[in-house]
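Thank you for making time for this today. I would like to talk through the charged side chains of one protein, and I will ask you to keep the sequence and the structure in view while I do.

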Amino acid sequence: MSAVRYDAPWIVGHQTGEHRLLRDGCVVVDGGDIVYVGPRTGTQADRVVNCPGKVITPGFISTHSHLQESPADKSIAEDVDRRRFWGSGIYEVLIPRARALSADDTRACVDFSIIEHLRTGTTTVVQLGDFSDYVADAAESGGIRAYIGESYRSASWRVDGRQVLYDWDEPGGFKGLEAAVALIKRIDGRANDRIRGLLYPAQIDTCSEDLLRASREAADKLGVPLTLHAAQSMLEFIEIRRRYGRTPVEWLHDIGFLGKSCILGHVIFIAGSSYVNYPGDDLALLAASGTSVSYSAWCFARGGIALESYPSYLERGVNVCLGTDTCPQSMIESLRWTAVLGKCVVRRSDRPTARQVFDSATVNAARALGRDDLGRIAEGAKADLLFWRADSLSMTPLRDPIRNIVYCAQADDLRDVMIDGRWVMHDGELAHLDEERAIARVKQAGERVWAQWAQNDWAGRELDDLSPPSYPDFEPEA
């Protein structure tokens, strides 16, 4: 290996347990690791790369993503009233969309999603879903770092227009757990350890107590993270309360599911929130157990829902990290919406701060994965680096790079992405992926999903009936 020194006017280094702004410093990379960050004076390297007009930051970590389906969400879930489901679109959208996606459509979504993540600063993605062997292959060839969890559950959702129903298959859930464990053993450590596995029982309301207890035991035995959708909708909150007389968080605490290796997706509908108007202190249970929360702000904001509140979770000691979930799969948007919505919810301009959301996208996420070598630029950390323009329309003038990135940056401002010491994007060009082909294939996938919507919808509705276009078609004059 040969050491390469990258000189830049701004570097977000990590020192004494926190990110620090380094002016006119350098980062030295040897192989896939960072071996030095600090002043340039006296620093030795085999080669020096000058990066004028650049800001170097650690890569972002998306702790909640569905690569295999998310691009097909566009122009479906927005602007639609779902009063019968308390505003949640997951039940009327996820089921017909999943049924309509072919195997080739799913692979197209994976390829497209990896590109979208890379172009918006994700260097590590937590993937939750199916087609996991293909995801592992695509992540390895595309250069991204990935944690991959194969979905399994004890029941599947079904809707009849008035309610969510559950079709139970407990043996199928345990077969799914076995397959998920086998996947971890098959892929863990691939691509110079860029590819790892985690366990992903799908949703709290579709998993039995026995399956969740077994999942926790298997995760502990394998030494891998454990993730689950929980407290993500009002209907789910009511269902868990009906079954067990407890909130979703209380019940997970009761069965021993919570803990430092556990990442709960969303966790919005909790005791004390205005959504449920139910007493209790779920935040205390999350904080005491060390459980992490993955917040995908934009995914819920387009349905009029926000965490109550992101700064309050942090102040209570909950480790909050960020996800991309559905479209757009942009960590830039995730940071921005987390910051802005957080301010709107608490009606404060000083809470939350750009620093807090940047931490959630980096060091908090690394903590959730049990990794002190990710989410930071420090000696011994992995060389997962982002190189931003400091002289673009969005980033100029630059007084504080963190605030500029959180509140102003656009995807085009991210020019270079390094993962494990290798360029996966350089000067805006992807090194290993065919973006034009990925876009064309996802376009075709979307058109097939739209065409097949009625045959997969519970009421046989066409997509235009469920989600009408913003304007009617232009009609030629007679």
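What follows is a short walk through the salt bridges and then a patch of charge on the surface.

Please keep in mind that this is a predicted model, and that what I say about individual contacts is computed from that model. As background, side chains of opposite charge can pair when their charged atoms come close. How many salt bridges does a search of the whole structure find? The search finds 34 of them, and I will take up some of these in turn.

Let me begin with Arg190 and Glu140, whose side chains meet in a salt bridge with an N to O distance of 2.6 Å. This pair links distant parts of the chain, since Arg190 sits in helix α5, residues 190-193, while Glu140 sits in helix α3, residues 132-142, and the two are 50 residues apart. As for their surroundings, Arg190 is partly exposed at a relative accessible area of 23%, and Glu140 likewise counts as partly exposed, at 31%.

The next pair is Asp420 with Arg145, a salt bridge in which the closest N and O atoms are 3.7 Å apart. Asp420 lies in the loop between β18 (414-419) and β19 (422-426), and Arg145 belongs to strand β8, residues 145-152, so this salt bridge ties together parts that are 275 residues apart in sequence. Are these two residues buried or exposed? Asp420 is buried, because its relative accessible area is 7%, under the 20% cut-off, and Arg145 is buried as well, because its value is 1%.

A further salt bridge joins Asp193 and Arg196, with 2.6 Å between the closest N and O atoms. Asp193 counts as partly exposed at 27% relative accessibility, and Arg196 is also partly exposed, with a relative accessible area of 22%. Beyond such pairs, there is a network in which Glu69, Asp73, Arg97 and Arg302 are joined by salt bridges that share partners.

Finally, I turn to the surface, where Glu462, Asp464, Asp465, Asp473 and Glu475 form a negative patch. One of its members, Asp473, is placed in the segment after α18 (463-466). Why does Asp473 count as exposed? The reason is that its relative accessibility is 67%, and exposed means over 50%.

To close, the two cases I would set side by side are Asp420, which is buried, and Asp473, which is exposed.

Technical notes. Residues are numbered from 1 along each chain as its sequence is written. This is a predicted model: local features need pLDDT of at least 70, side-chain atom pairs count only at pLDDT 80 or more; totals for chains, interfaces and linings use all residues. Side-chain values use heavy atoms; hydrogens and water are left out. Patches are made of residues with over 30% relative accessible area and no salt bridge: like charges are joined within 9 Å, nonpolar side chains (Val, Leu, Ile, Met, Phe, Trp, Tyr) within 5 Å. Accessible areas come from the Shrake-Rupley method with a 1.4 Å probe; for residues, only the protein chains shown count as cover. A salt bridge is a side-chain nitrogen of Lys or Arg within 4 Å of a carboxyl oxygen of Asp or Glu. Lys and Arg count as positive and Asp and Glu as negative; His and the chain ends are not counted. The place of a charge is taken as NZ of Lys, CZ of Arg, CG of Asp or CD of Glu. Helices (H or I, at least four residues) and strands (E, at least two) are DSSP runs, numbered from the N terminus. Buried means under 20% relative accessible area, exposed over 50%, partly exposed in between (1.4 Å probe, protein chains only).
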